[in-house]
Amino acid sequence: MVDEIVARATELLGQAEPVSRQPRKETLMSFREGHLFMALKLVTPFDKGSQTYLDPIPKIVLMVDGKYVRMPVDGDLIGSFGSFLCRMSEALEGVEVPKKEIDMDKVLRRMREVSATQ
């Protein structure tokens, strides 16, 4: 009986097309402060052909001032970039940045001082 109904529905409506679903996204860690947002996510794409979710893929999301920036998922590169950011934070330590104007001479002087000590 059920097979007959399915056969009749297929005859009238045609074969059902595969459905597509949105990828699943899970945030593993994130940082948000001011105009800066960064997150490490696991994205699990959906395969329309097999109608199954594939293996999750790590993805880094970076948004600066409302604009997305493509980030490579490379642990060594992220580590090197992180070390650079730490050195930059040391160079900027104690530098007061005005809201509208930046004293670039003072910033460059401080950066040279820090570079000379390393």
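The following exercises, each with a worked solution, deal with the predicted model shown above.

Residues are numbered from 1 along each chain as its sequence is written, and side-chain values use heavy atoms, with hydrogens and water left out. Because this is a predicted model, local features need pLDDT of at least 70 and side-chain atom pairs count only at pLDDT 80 or more, while totals for chains, interfaces and linings use all residues.

**Exercise 1. Overall form**

Task: Work out how many helices and strands the protein chain has, and whether the chain is a compact globule or more spread out.

Solution: Begin with the secondary structure, in which helices (H or I, at least four residues) and strands (E, at least two) are DSSP runs numbered from the N terminus. The protein chain comes to 3 helices and 6 strands, and from the N terminus on its elements run α-β-β-β-β-β-β-α-α. Next, take the radius of gyration, which is 26 Å and well over the 13 Å that the globule rule gives for 118 residues, so the chain is more spread out than a compact globule. (That radius is taken over C-alpha atoms, and the rule is 2.2 Å times the number of residues to the power 0.38.) The C-alpha atoms fill a box of roughly 85 × 30 × 15 Å along the principal axes. Finally, buried residues make up 12% of the 118 residues, where buried means under 20% relative accessible area, exposed over 50% and partly exposed in between, with a 1.4 Å probe and protein chains only.

**Exercise 2. The salt bridge**

Task: Identify the residue with which glutamate 113 forms a salt bridge, and state where both partners lie.

Solution: The structure holds 1 salt bridge, a term for a side-chain nitrogen of Lys or Arg within 4 Å of a carboxyl oxygen of Asp or Glu. Glutamate 113 is paired with arginine 110, and their closest N and O atoms are 3.6 Å apart. Both residues belong to helix H3 (residues 104–117), where they are 3 residues apart, about one turn of the helix. As for accessibility, glutamate 113 is partly exposed at 44%, and arginine 110 is likewise partly exposed at 25%.

**Exercise 3. Two loop residues with positive phi**

Task: Locate glutamine 51 and aspartate 65 in the chain, and describe their backbone and accessibility.

Solution: Recall that most residues other than glycine have a negative phi. Glutamine 51, although not a glycine, has a positive phi of about 60°; its place is the loop between strand S3 (46–47) and strand S4 (52–53), and at 31% relative accessible area it is partly exposed. Aspartate 65 is also not a glycine and has a positive phi of about 50°. This aspartate is in the loop between strand S5 (57–64) and strand S6 (67–70), and its 54% relative accessibility makes it exposed.

**Exercise 4. Two strand residues**

Task: Decide whether threonine 44 is buried or exposed, do likewise for tyrosine 68, and list the contacts of each.

Solution: Threonine 44 lies in strand S2 (residues 36–44), and its relative accessibility of 13% makes it buried. Beyond its neighbours within four places in sequence, threonine 44 is in contact (heavy atoms within 4.5 Å) with Pro23, Arg24, Tyr53, Leu54, Asp55 and Pro56. Tyrosine 68, in strand S6, is exposed, with a relative accessible area of 61%. When residues up to four places away in sequence are not counted, tyrosine 68 touches Val61, Leu62 and Met63. Its C-alpha atom is separated by 17 Å from that of proline 58, 10 residues apart along the chain.
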